[in-house]
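Thanks for coming, everyone. I have one structure for you today, and I'll keep it brisk. Have a look at it now.

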Amino acid sequence: MANNPYDEMFRDIARLMERILSEMPPSDPKIIGFTIIGGMPEGASYPDFAGDEEGESDVEVVEGDDCIYITAVADARADGAPYVTFQEDSVTLCTGGDEETVIDLDCEIDVLHSFYNVQHGVIDAVCRKKSAPGEVARS
């Protein structure tokens, strides 16, 4: 059986993940968003992620102790740049074009210290939770 040209890359990723997990504190680790981009061959069509399984969301929301992490797929073919708007109790995602998705949050967030990043077709938003009065915010 012929070797897959990506076998060595996957072995390197496995070694890297083993090293990362072995150096983490003994807790329940979570992976929030993950992207591997090997490049598109010339002339290849853009992958269509809209054909995913029914009921599967394009938005992932994970709540941590101090932050809420939101990851979404941006539509590279849409007119307009993707962006995120933060409100105290919700987040509005525009993954490109005119369509917006409003995500209601279960707690209030610190709008000034929340931020987002768009890279390689993925929107990552970090919503800092508001500290209760007298509570010291962890960073």
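Start with leucine 93. Setting aside neighbours within four places in sequence, leucine 93 is in contact with Val59, Ile70, Ala72, Tyr83, Val84, Glu99, Glu100, Thr101, Ile103 and Ile123. One caution before we go on: this is a predicted model.

Leucine 93 also has a bridge partner in β5, namely threonine 101. And leucine 93 belongs to the core. The largest nonpolar core has 14 residues. Those with the most contacts inside this core are Ile70, Val84, Phe86, Val91, Leu93, Ile109 and Cys127. Where do core residues come from? Four strands, β2 (67-73), β3, β4 and β7 (122-128), each supply at least two of them. As a general point, nonpolar side chains in soluble globular proteins tend to be buried together.

Now step back to strand β4. Which way do its residues point? Val91 and Leu93 point one way, and Ser90, Thr92 and Cys94 point the other. All of these residues are buried. That is 5 of the 5 residues of β4, so the strand is largely enclosed by the rest of the structure.

Take threonine 92 next. Threonine 92 sits in strand β4, which covers residues 90-94. Buried or exposed? Threonine 92 has a relative accessible area of 9%, and buried means under 20%, so threonine 92 counts as buried. Its side chain makes a polar contact of 3.5 Å with the side chain of glutamine 87. Beyond four places in sequence, threonine 92 touches Tyr83, Val84, Thr85, Gln87, Glu100, Thr101 and Val102. One of these, valine 102 in β5, stands opposite threonine 92.

Next, the neighbours of β4. On one side, take strand β3, residues 83-86. β3 runs antiparallel to β4, and 4 bridges join the two. Phenylalanine 86 has valine 91 of β4 as its bridge partner. β3 and β4 make a hairpin, with 3 residues between them.

Then β5, residues 100-104. How many bridges join β4 to β5? There are 5, and the two strands run antiparallel. This pair is a hairpin too, with 5 residues between the strands. In that turn, glycine 96 has a positive phi of about 125°.

Put the strands together. We get an open sheet of 3 strands, in the order β3-β4-β5, with antiparallel pairing. β3 and β5 stand at the edges with a single partner strand each, so each has one side without a neighbour in the sheet. On average, neighbouring strands here are turned by 20° against each other, direction ignored.

Last topic: the cysteines. How many disulfides does a search of the whole structure find? The result is 0. Cysteine 67, for one, is in no disulfide. The nearest cysteine sulfur belongs to cysteine 127, and it is 8.2 Å away. A disulfide needs the two sulfur atoms within 2.5 Å, so that pair does not qualify. Cysteine 67 is buried, at 4% relative accessibility. Cysteine 94, back in β4, is buried as well, with a relative accessible area of 1%.

That's my tour. Over to you for questions.

Note on methods:
Residues are numbered from 1 along each chain as its sequence is written. This is a predicted model: local features need pLDDT of at least 70, side-chain atom pairs count only at pLDDT 80 or more; totals for chains, interfaces and linings use all residues. Side-chain values use heavy atoms; hydrogens and water are left out. Buried means under 20% relative accessible area, exposed over 50%, partly exposed in between (1.4 Å probe, protein chains only). A polar contact is a pair of N or O atoms within 3.5 Å; within protein, one must be able to donate a hydrogen and the other to accept it, and residues adjacent in sequence count only if both atoms are side-chain atoms. Contact means heavy atoms within 4.5 Å. Two strands pair if DSSP finds at least two bridges between them. Axes are lines fitted to C-alpha atoms, for helices over the stretch in contact, and angles run from 0 to 180 degrees between N-to-C directions. A nonpolar core is a set of buried Ala, Val, Leu, Ile, Met, Phe, Trp, Tyr and Cys residues joined through side-chain atoms within 4.5 Å.
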